[in-house]
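Me: I've got a new model open and I'd like some help reading it. Could you take me through it one feature at a time?

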Amino acid sequence: MTTSSPSLSRRTFLMTSAAGLAGATALSQSTRALAAEPIHYATWSAAVDHVKSHIAAFEAKTGIKVEYSNTPWAQFRETMVTKFVGNAPIDALWVSDSWLPEWADAGWLAPIDQYETLTAYNADVDEFCLQSMTYKGKLYGLTYYTDYMGFIYNAEILKKAGISTPPASWQEVTDQAKIIKDKGLSRYPMLVPMAQETWLIEFISAMVFSNGGRFTDDNDNAIMHDPSIGAVTTLRWLVDAVHKHKILSPSCVETGELAGMKSFSSGQHAFGLMPKYRLRTLNDPQQSQIAGHATLALMPKGDKGSHATVGWVRFYGMTPRAQANSTRLADTLKLIEWFGGKADGEYKFQKLMFKELGGGFGVKSLFQDPEMHTAYADYGDIDLIDKQRSLTRKKDVVTPWFGEWNDVNGSAWQQAILARVTPERALTASAAKWSALKKRA
Amino acid sequence: MNATASRVDGPLRTNRSYDERTAFIFLAPLAAVLLAVAAFPILYSFYISLYNLKLTRPQRAPFVWFDNYVAVLSDPQFWEAVERTVAFSVMGVVAIAIIALLVALLLNEEFPGRRVLSAVLLIPWAIPYVANALMWKSIYDSNYGALNGALYQLDFINNYMVWLGDSRKTLALIANAFVWKEVPLAAILLLVGLKTIPADLYAAAKVDGANMIQRFFHITLPGLKGSFALVMIYETMMAIRHFDLFFVLTEGGPGDASHVVAWRIYVETFRNLSFGIGAAMSYILALATLALSYLVIRALAQRI
């Protein structure tokens, strides 16, 4: 008995294999096409777990995949610039107001004016935030985090010194600090961190604005050296505070924001300039020796000034790459709204950030939210916080050449405080650098 | 004779060329890696230094020949940074040479606990530069630093002093941290040099009536010239291009008190993102270091 086995010729085998291979390739390509390319989302390394959980919720709700990456804040600008130059895929990202002109001029950020889903939130955003996210008349994002420089005092030291109300002017700051110093309650009652770091411009801008001064005019011309409308009054006050009244430590030039906050929380100072969100830490018994005594006051005003202060914004921006493809654009807009606008009908991420980390928000309506009211009440007077917020202004030095000028300006202020040059000469040097950079740009 | 020679040379030459080819094949991958990671960046950075390349406007990067070099060399702030670099290097290298010599002389003697002391003295060398800088930052801190604490406890000061924030002291304090870190390596190099000096010379000198100081100046120091040359060149190069301590301790401040050349290169390249200027400045620093090293080697070689 013979059995006939099915015969497979070499040609048939090759043809079948080729057809199978072609089919498999086509199938894999169509599957790849179905699975849309993820949105590339770049942030600095802050609130990483919160961001990840919010992304997970977004992916679950929309089915859109997000490729999330983060870089330490200290290297973020340089890293992103390198990525932009190398055409690395980035669709949505966090941006600091300080970098906006530089990045927008380079064509690395795309305006969001034409997208109503995002601009619909403008009415509910602080004015100074909108101004800080606007460059050459175009809006570039939704707020991620915002805050302002606050004037904080240690109520216990003031009480011991017999001072019933905090200072309302810079002259009163001097007078009260001298009383506190004379009574031996604090060697250096005033704290202004003046180390050369990114915070420096915010510390000095707050003082300049409250003294009625400015660094630049409306046309971006340097006026910081002008004795009547510039920053001379402020720098002179700082120099006198160190050398004449000795109410501010000469070591302020080596004290950064974090070190300053720690120094204040140890009870060494009566008055300090600090980001407002530090109120939470300063009044936390686990982290501060002056818990319950750190209190916000309106920024003291100068003779020609007001209670104005300076604010800053970090925002969600979008790249031109995201706009190049309609699907990617729609997905990116959804992601930005999910974080910077409402998610499931409420400002979920802003509330999470504030309640968990104390991060400030630029959404006006949240100040009316009972939940936020309760959270704020734990460590501050929300009405005063809101009032100071309404007096907050954007930095007037944010230009494409800001970074380069900022180093020289910081150095000039430090040299004046060290009494190596006069305040007038320091600010003249700062203004000269500004003008040279502006001309070169 | 010639025939014999050719018979012998033939296979030898073949073997040698075979060996050379084999060696070349084995070394080629390493040479390729070195070309890629060392030679190419060096050449490419020179190429960049001839362009006005600013990373924030990469589309506008004109070829400017040596304009970046001219701009750097005509900038008064660069020359101020050079002065600070020289001051820092002189302070650091002289202190390292003296302290390391004393340490090496001490470790060259036999005494109980010498091995333990040798191990302990190596600790600063084993600490990474950034960790070393952070440690000194906390020591120098004017509010809670150990230096103020110690001086206050010992009644040397009535009030806490400002250290790094005082521009007159800044460079010296950074140099001190640099010396602390570098002395162990320099001491080991000098100790090795001491061990190579024949004991007979000391014995003969004693017989001739030479005292300890005479033996030191006429035997020890001349015998250490080679090791000293190595220490001086290495530490000078380390000091000139040093960056870590400046970055962590002062960030160039206060004011411009610690703006050394390496710091300015960092600021131009990574803060201002002016790669053309930064590369030009790096080349100037590298050439200056090379020239200085050559002069030191030549001067010392003539005396060895």
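**Reading the model, feature by feature**

Reply: Happy to. Let's begin in a loop: B:Asp155 sits between α7 (146-153) and α8 (170-195) of chain B. Keep in mind throughout that this is a predicted model.

Me: What is the phi of B:Asp155?

Reply: About 65°, a positive value, although B:Asp155 is not a glycine.

Me: And is B:Asp155 buried or exposed?

Reply: To judge that, count neighbours: 12 or fewer other C-beta atoms within 10 Å makes a residue exposed, and 20 or more makes it buried. B:Asp155 has 7 within 10 Å, so it is exposed.

Me: Where in chain A would I look for a positive phi in a residue other than glycine?

Reply: Go to A:Asp344, where phi is near 55°. A:Asp344 lies in the loop between α14 and α15 of chain A. Use the neighbour count again: with 8 other C-beta atoms within 10 Å, A:Asp344 is exposed. There is also a glycine to look at, A:Gly358, which comes just after α15(A) and has a positive phi of about 80°.

Me: Let's stay with that helix. Which residues of α15 in chain A are buried?

Reply: Helix α15 covers residues 348-357 of chain A, and its buried residues are A:Phe349, A:Gln350, A:Met353 and A:Phe354. The next step is to look down the axis: these residues span an arc of only 130°, which puts them on the same side of α15(A).

Me: What do the buried residues of α15(A) pack against?

Reply: Their partners in chain A are three helices and a strand, namely α2 (48-62), α14 (326-340), α16 (370-377) and β6 (142-154).

Me: Now a strand. How many residues of β8 in chain A are buried?

Reply: For a strand, check burial along its length and then see which way the residues point. In β8 (271-275) of chain A, five of the five residues are buried, so the strand is largely enclosed by the rest of the structure. A:Phe271, A:Leu273 and A:Pro275 point one way, while A:Gly272 and A:Met274 point the other way.

Me: Which strands pair with β8(A), and in what sense?

Reply: Follow the bridges. β6(A) and β8(A) run antiparallel and are joined by five bridges. Strand β7 (190-191) of chain A pairs with β8(A) in the parallel sense, over two bridges. A:Phe271 is a handy place to look: A:Tyr153 has A:Phe271 as its bridge partner, and A:Met190 stands opposite A:Phe271 as well.

Me: Let's zoom out. Which domains does chain A have?

Reply: A domain need not be a single stretch of sequence, so check the bounds: the assignment for chain A gives domain 1 as 39-147 + 312-377 and domain 2 as 161-309 + 397-440. Their centres, taken over C-alpha atoms, are separated by 30 Å. Where the two touch, 11 residues of domain 1 are in contact with nine residues of domain 2. On the domain 1 side, helix α4 (100-105) of chain A contributes the largest share, four residues. By class, that side has three nonpolar, four polar and four charged residues.

Me: How many residues of each chain take part in the contact between chains A and B?

Reply: Chain A puts in 20 residues and chain B 21. On the chain A side, α3 (73-85) and α18 (402-417) each supply at least two, and α18(A) gives the most, with six residues. The chain A side divides into seven nonpolar, seven polar and six charged residues.

Me: How many helices and strands does chain B have?

Reply: Chain B has 14 helices and zero strands. For overall form, compare the radius of gyration with a rule for globules: chain B has 26 Å, well over the 19 Å that the rule gives for 304 residues, so it is more spread out than a compact globule. Its C-alpha trace spans about 95 × 75 × 30 Å along the principal axes, and 29% of its residues count as buried. The domain assignment gives domain 1 (1-48) and domain 2 (67-303) for chain B, with C-alpha centres 40 Å apart.

Me: One more backbone feature: which residues does the cis peptide bond in chain B join?

Reply: B:Gly253 and B:Pro254, with omega about -5°. You'll find B:Pro254 in the loop between α12 (244-250) and α13 (261-271) of chain B.

How values were computed
Residues are numbered from 1 along each chain as its sequence is written. Chains are lettered from A and ligands numbered from 1 in the order in which they are written. This is a predicted model: local features need pLDDT of at least 70, side-chain atom pairs count only at pLDDT 80 or more; totals for chains, interfaces and linings use all residues. The arc is that of the directions from the helix axis to the C-beta atoms. Two residues are in contact if their C-beta atoms, placed from the backbone, lie within 7 Å. Domain bounds come from an automatic or database domain assignment. Ala, Val, Leu, Ile, Met, Phe, Trp, Tyr, Cys and Pro count as nonpolar, Asp, Glu, Lys and Arg as charged, and the others, Gly among them, as polar. Two strands pair if DSSP finds at least two bridges between them. The radius of gyration is taken over C-alpha atoms; the globule rule is 2.2 Å times the number of residues to the power 0.38.
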